[in-house]
Amino acid sequence: GRPDRVERCVLHLDVFSLDLDQVLRLCEAHSLFSALTCVLNRIHEFRRPVYIMLRALATARGKTGGSGSCDWVAHKALVYL
C-alpha cells in the first residue's frame with residue numbers, strides 16, 4: 001500500500017465513527033503521526049502522541065531518509081509540541 005492515502009482519509013473522517021484501537025495501531029505501525037495526533041487530540045488525549053513519537057524517535061535514531069528517519073520523526077514531534 002499507500003499509507004499516505006489512509007492518513008488523508010483518517011484526517012477527514014469523524015473519529016467517533018472509527019474503530020479507534022485499529023486506527024491507532026495502523027497509524028503507529030506506518031508512522032502516520034499526523035493522523036495519530038489528530039485522532040488522539042479529538043478524544044482529548046494530548047500526552048500519548050508525545051510518548052509515541054519519542055519512542056519512534058528512539059528507534060529511528062541513526063536512520064536517514066524516508067518516513068522512519070530520525071529527522072522526519074523529530075520534525076513531526078516538534079510540530080506537534
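Let's start in the middle of this predicted model. The largest nonpolar core has 17 residues, and the members that touch the most others are Cys-27, Phe-33, Leu-36 and Val-39. Four helices each give two or more residues to this core: H2 (20-29), H3 (33-42), H4 (48-60) and H5 (70-80). H3 is the top contributor, with five residues.

Cys-27 is a handy place to zoom in. If you skip its neighbours within four places in sequence, Cys-27 is in contact with Leu-32, Ala-35 and Leu-36. Leu-36 turns up again here, as it is also among the core members with the most partners.

Now zoom out to the fold. The protein chain has five helices and zero strands, so reading along the sequence you get α-α-α-α-α. Its radius of gyration is 12 Å, close to the 12 Å that the globule rule gives for 81 residues, so the chain is as compact as a globular protein of that length. If you'd rather think in terms of a box, the C-alpha trace spans about 40 × 30 × 20 Å along its principal axes.

How do the contacts spread over the sequence? Taking pairs at least 6 apart in sequence, 49% of the contacts join residues at least 24 apart.

Finally, the outside. Of the 81 residues, 28% count as buried. The accessible surface comes to about 5,400 Å², and carbon and sulfur atoms account for 55% of that. As for charge, the chain carries 11 positive and 8 negative charges, and the mean positions of the two sets are 4 Å apart.

Methods:
Residues are numbered from 1 along each chain as its sequence is written. This is a predicted model: local features need pLDDT of at least 70, side-chain atom pairs count only at pLDDT 80 or more; totals for chains, interfaces and linings use all residues. Side-chain values use heavy atoms; hydrogens and water are left out. A nonpolar core is a set of buried Ala, Val, Leu, Ile, Met, Phe, Trp, Tyr and Cys residues joined through side-chain atoms within 4.5 Å. Buried means under 20% relative accessible area, exposed over 50%, partly exposed in between (1.4 Å probe, protein chains only). Contact means heavy atoms within 4.5 Å. The radius of gyration is taken over C-alpha atoms; the globule rule is 2.2 Å times the number of residues to the power 0.38. Accessible areas come from the Shrake-Rupley method with a 1.4 Å probe; for residues, only the protein chains shown count as cover. Lys and Arg count as positive and Asp and Glu as negative; His and the chain ends are not counted. The place of a charge is taken as NZ of Lys, CZ of Arg, CG of Asp or CD of Glu.
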